[in-house]
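This report describes a model with a plain account of its chains, their contact and a few residues. Please look at the sequence and the structure before reading on.

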Amino acid sequence: MKMRVNKLAAAGTVFIALIAVFAIFAPLIASHDPAGMDTRSVLSPPSREHIFGTDPLGRDVFSRVLYGSRISLSIGIIAVGLSVLTGIFFGSIAGYYGGKIDYAIMRLVDIMLCFPTFFLILAVIAMLEPSIYNIMAVIGLTSWMGVARLVRSEILTLKERDFVAASRIMGAGGSWIIIRHLIPNAIGPVLVNATLGVGGAILIESALSFLGIGVQPPTASWGNILMDGKATLGVAWWVTVFPGAFIFFTVLAYNLLGEGLRDAFEPRLKDRS
Amino acid sequence: MTRYIVRHLAGLIPVFFGITLISFLVMHLAPGGPSDISSSMNPKVSYEARIRLDKLYGLDKPLIVQYKDWLVRVVRFDFGRSFIDDRPVFDKIIEKMPVTIFINLSSLVIILAVGIPIGALSAVRRNGLFDRFSAVFVFAGYSIPEFWLALLLMSVFGISLHWLPISGIKSIDFEYYSLPLKILDVARHLVLPVLLASFGGLAGISRYMRSSMSVVMRQEYIRTARAKGLPERKVIYVHALKNAILPVITILGLSVPALIGGSVIFESIFAIPGMGRLFYESVMARDYSVIMGILSIGAILTLAGNFIADMAYSFADPRIMSGGDGR
């Protein structure tokens, strides 16, 4: 079991690295300009010239997927970074100080968890405008609750340990103890959660863009290429199949890596589950 | 029992106020307030509508007063009127709700009926062939973009094979059908949406059931049951399964928001006239009062779902009721 999971996690890591290379070197790898229209080859099937075919405007789907990976990956990673920081902030304060602060923060977590995630994200984006930065911020600020709960429960047990008492006796203040002693010791499960979260954030971004409320054309993202795919469904399968497969395998890779990390950080859990 | 329920309900009150407060604040995120952005973004909004909106939300008053006024309305289920057709928001939402609730309940039934056996079987034969197979299925279920799967299924079963309709919930000539045909027609329209709505949740529940069952299988009462000579079948399906299902109920309550949220996606893909599609259309048209109404109602439905799950859990396991607040 262990070997198998780790092999899968390694495969996930390799795939993530590959996609990252694609995203970083997109201008070098892409065969065409992602926004360049070619009215002579509209909706042409995959060929040597266009390996993923072309879309309704004659744009090269492969190049659009490559450039789209830049947008989709950076939104996924930055949104999760934001959600992890927010979650650590609230979770550590709630766990360390306890009492009324803890009660207030945990009620906030309960409240946020009541909103159907996708409704809340759509509503906020409807109020602001669907720029890339707003999308990052909104996904990040609506997904920190899991991390907050995780950090809080880790800190609740950590803060009773002797090394924390020692630090306190030496005169350390709350924020010093939280930042220097508690958070570093609670980071393992957070990392697992964050890795799984990147996959989730990529899914949310692509769904938003697919609905036309996320990344706006002409900027390509995996989700808004699929919007063109929906319009040409039944005529041009390649516009739908390739970008969707990129989303699927990328999210799968992050999930496999996350599971692998979970086994590495929490050997107890592996034994149990 | 009654005291327990009452105490639990009282705990929901701050959460309810929080929900209304956040819905209210989201509405005021818009630069210049809701009436400004709606009129500038949506040319369909007339000057009169804007004045009415300003008056409805009392946008000239201090924020705290506005919130109080809004709250008083919400408690009476008055969410104002839609900008688009001037109908009361609450009526618009209520008429769309049955479809969404029906689809979500059907998919919940599928999730439970399929997910629990899958999870239980993989826990019983851990690392066996079935367990490995279901692990692949679970990872795929977590990772696949639902709307992409929807497109693929639509193109295979709807466009290529012509087996299933791909949009709406009834055919054009629905009115002329006999009753059994009507039921069949709606069922055919809902097959794909319901399957899609269940897919993501299925992965989660079967995984959760597997770990819950694995924990139970190591408990001492299982060893006792085996030691006293009960057949293995009875040990697993009577003693273990019953105890392992309990925690799954809570998870089910927690998965309600994801299900409701997911309805935006599949209802707009399949053109199903439900809450999700209404929400999507309101977002596209910046119909603020409808957006706020659905956001609040969606959250309150979730709150109710969690409450029912909590109650079901403590009803099934009375130890919880005697032991504090159930957490």
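In which loop is A:Pro218 found? A:Pro218 sits in the loop between α9 (174–210) and α10 (222–231) of chain A. The peptide bond that leads from A:Pro217 to A:Pro218 is cis, and its omega is near 10 degrees.

This is a predicted model, in which local features need pLDDT of at least 70, side-chain atom pairs count only at pLDDT 80 or more, and totals for chains, interfaces and linings use all residues. Residues are numbered from 1 along each chain as its sequence is written, while chains are lettered from A and ligands numbered from 1 in the order in which they are written.

**Chain A**

Chain A has 12 helices and zero strands. Helices (H or I, at least four residues) and strands (E, at least two) are DSSP runs, numbered from the N terminus. The C-alpha atoms of chain A fill a box of roughly 75 × 45 × 30 Å along the principal axes.

Of the 273 residues in chain A, 49% are buried. A residue is buried if 20 or more other C-beta atoms lie within 10 Å of its own, exposed if 12 or fewer, and partly exposed in between, with C-beta atoms placed from the backbone. Contacts in chain A with a separation of 6 or more are 70% between residues 24 or more positions apart. Two residues are in contact if their C-beta atoms, placed from the backbone, lie within 7 Å.

The mean pLDDT of chain A is 87, and 95% of its residues reach 70 or more. Here pLDDT is the predictor's confidence in each residue, from 0 to 100. Within chain A, confidence is lowest in helix α12 (residues 267–272), with a mean of 51, and highest in helix α3 (residues 61–97), at 93.

A:Ala17 belongs to helix α1 (residues 2–24) of chain A. Its C-alpha atom is separated by 21 Å from that of A:Val61, 44 residues apart along the chain.

**The side of chain B that touches chain A**

The contact between the chains involves 42 residues of chain B and 42 residues of chain A. On the chain B side, several helices each supply at least two residues, among them α1 (2–27), α8 (179–217) and α11 (256–269). The largest share, eight residues, comes from α11(B). By class, this side of chain B has 30 nonpolar, 11 polar and one charged residues. Ala, Val, Leu, Ile, Met, Phe, Trp, Tyr, Cys and Pro count as nonpolar, Asp, Glu, Lys and Arg as charged, and the others, Gly among them, as polar.

**Two loop residues of chain B**

B:Asp86 lies in the loop between α4 (63–75) and α5 (89–124) of chain B, and B:Ala271 in the loop between α11 and α12 of chain B. For B:Asp86, phi is positive in a residue other than glycine; the same description holds for B:Ala271.

Where do these residues stand, buried or exposed? B:Asp86 counts as exposed because it has 9 C-beta neighbours inside 10 Å. B:Ala271 is exposed too, with 12 other C-beta atoms within 10 Å. The table adds A:Ala17 of chain A.

| Residue | C-beta neighbours within 10 Å | Class |
|---|---|---|
| B:Asp86 | 9 C-beta atoms | exposed |
| B:Ala271 | 12 C-beta atoms | exposed |
| A:Ala17 | 11 C-beta atoms | exposed |
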